[in-house]
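Biologist: Before we discuss this chain in detail, could you put the sequence and the structure up, so that we can go through the strands, the side chains and the cysteines in turn?

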Amino acid sequence: MITNTINKSSNIYKKTSDLLNYCLKNRNVGIQSDAPSIIGFINAAYQETELSEKWSVSDFYNLLIHAIETYLSENPVGAPPVKDQTIINFIGRFESLLSNNLVDYWLIFPLMRANVNNLVQFKEFTIIPEKFTRQEKIRYLASLIDISENEMITRANHTEKTRSPSFFDYTLLCYKVRHYPSWVSNNANRIALLVVALLRTISNSLDFEKQKSFGLMLDDQKEINRHVLIHTKESSKWGHEPIWANEKSTVLLGNLNWLQDPCEQNKFSELMKLCGYEEKIDRFAYRIRRSILLYSKSVDIQLNNHLASDGFGLELLHLLISAEGILLERENEKRRRLAVLLSELVQVQGKTNQEIYAAIDDIYNWRSDYVHEGNDVFPEYNEDFYESKTLEKVYLLRYVISCLLSNSSKWGQIVDLRSHKLTNTKPPFTAREIVWFSYLREIWDAYNSKDTCKLISRLRIIIKKITRKIISWSNN
């Protein structure tokens, strides 16, 4: 925090001195909200990453005004200039005020069709199985939030009466955050949708043999939940936030027992840390977050697609864009680049790189037909109602992209290891993105070089054969 680095020559020290002298000088005529000294202090404080990540400007400003009012009330006859120790004390007390207004919150929302055998707890996450009774869930939540069971019952009754009658019928995911109230309410639904997207992505990457058509599986008659519960120990600071997405947005359709594996827990936590909303992220991490959310959107589309004749066009479009967002800049040969990079970066047991390349190449053609020719009929089943080659390729694409995205922490580690090659002139916001695309260009160039060598080798063989035939004809 600020007090760890403060000294008389630091910018925050100077801005605090300006602020306090301004306040003492103008206490009688009134403090202006846009005074240069106030703006200067906020800008200097926001150079501290820990502050800018936790606080909105409006919340920070409100607490700053409260700190100024407290300071003036404690110094009714004070006059500028302020003393050195006064400046240091003000900064320390203001940091304490910020810290005291950060609250531990639990974001709680149900996961439909999410199977897990046992209670799962790791880091900031807790997953309560669907098989727990309503009373067991309420009792456990009360312990988690550190409130009485009666208080939790009152809150649960309110949720079921005013928001979702079946909220406590499903598996419940609980995620702990520590932030200012307005930040939590503004980001609760985003966090919920990202968590679901991560769970969907990792779940689908675990077993290629268990790929299935999402759209033909969902037939749940219970009322769909559309809210995130925001719970905290303080009875005045809990409530609900709507999930601004379609009604299938929290459907998992899968087994979550993999979350009991410490390795998978770490993968999930690292992905949440890499692209979550807890802190500001750079362009590289933003691309990953956007691609994971687009992947999840393709699942939403399939969940709403109950008719096989509706085709795969819209789902494939979102799937391919999710891959393009992390793998492509503005290069030409997008179809070939995508097929090359996916087949080189992701290995699938039982499939060769050439098979992955060919499937993605075909699907990109279907995507182009859908976008440019209005063709959206890619039948899921053949005339004998067996899964067609089309569906198999869709499953392969879905699996390959889920593996690519699930390994994003690995790509981040590669980027970080290579980042030392950059000069200090590169802006930090784009630095990792630049390194990432440099890495992908190396893969692309190596593939083309290998491809060129193969072509030259084939040409040499053909030339030798032709030469032999010519010699044979001339001898005859």
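Biologist: Which residue of β6 is the bridge partner of His 227?

Modeller: This is a predicted model, so the pairing I describe is computed from predicted coordinates. Four bridges join β5 to strand β6, which covers residues 239-242, and the two run antiparallel. Within that pairing, the partner that β6 offers to His 227 is Pro 242.

Biologist: And on the strand β1, which covers residues 103-115, what is the sense of the pairing with β5, and which residue of β5 is the bridge partner of Trp 106?

Modeller: Strand β1 and β5 pair over three bridges, and the sense of that pairing is antiparallel. For Trp 106, the bridge partner in β5 is His 231.

Biologist: Is strand β5 largely enclosed by the rest of the structure or open, and how many of its residues are buried?

Modeller: The side chains of His 227, Leu 229 and His 231 point one way from β5, whereas those of Val 228 and Ile 230 point the other way, and all of these residues are buried. Because the strand, residues 227-231, has no residue outside the buried class, it is largely enclosed by the rest of the structure, and the count of buried residues is five of the five.

Biologist: Turning to a helix, which residue has its backbone oxygen 3.4 Å from a polar atom of the side chain of Asn 204?

Modeller: Asn 204 belongs to helix α8, which spans residues 181-204. With a relative accessible area of 9%, Asn 204 falls under the 20% cut-off and is therefore buried. The backbone oxygen that lies 3.4 Å from a polar atom of its side chain is that of Arg 398.

Biologist: Are Cys 23 and Cys 403 buried or exposed, and how many disulfides does a search of the whole structure find?

Modeller: Cys 23 has a relative accessibility of 0% and so counts as buried, and Cys 403, at 9%, is buried as well. A disulfide is a covalent bond between the sulfur atoms of two cysteines. When the whole structure is searched for such bonds, the number of disulfides found is zero.

Biologist: For the protein chain as a whole, what share of the contacts with a separation of 6 or more comes from residues 24 or more positions apart?

Modeller: The protein chain contains 16 helices and seven strands, and buried residues make up 50% of its 476 residues. Its accessible surface comes to about 23,800 Å², with 50% belonging to carbon and sulfur atoms. Among contacts with a separation of 6 or more, the share from residues 24 or more positions apart is 74%.

Methods:
Residues numbered from 1 in each chain as written. Predicted model: local features only at pLDDT ≥ 70, side-chain atom pairs only at ≥ 80, totals over all residues. Heavy atoms only, no water. Disulfide = S-S within 2.5 Å. Buried < 20%, exposed > 50% of the residue type's maximum accessible area, 1.4 Å probe, protein only. Polar contact = N/O pair within 3.5 Å; in protein donor to acceptor, adjacent residues only side chain to side chain. Contact = heavy atoms within 4.5 Å. Areas by Shrake-Rupley, 256 points an atom, 1.4 Å probe, with all protein chains shown as cover. Pairing = 2+ DSSP bridges.
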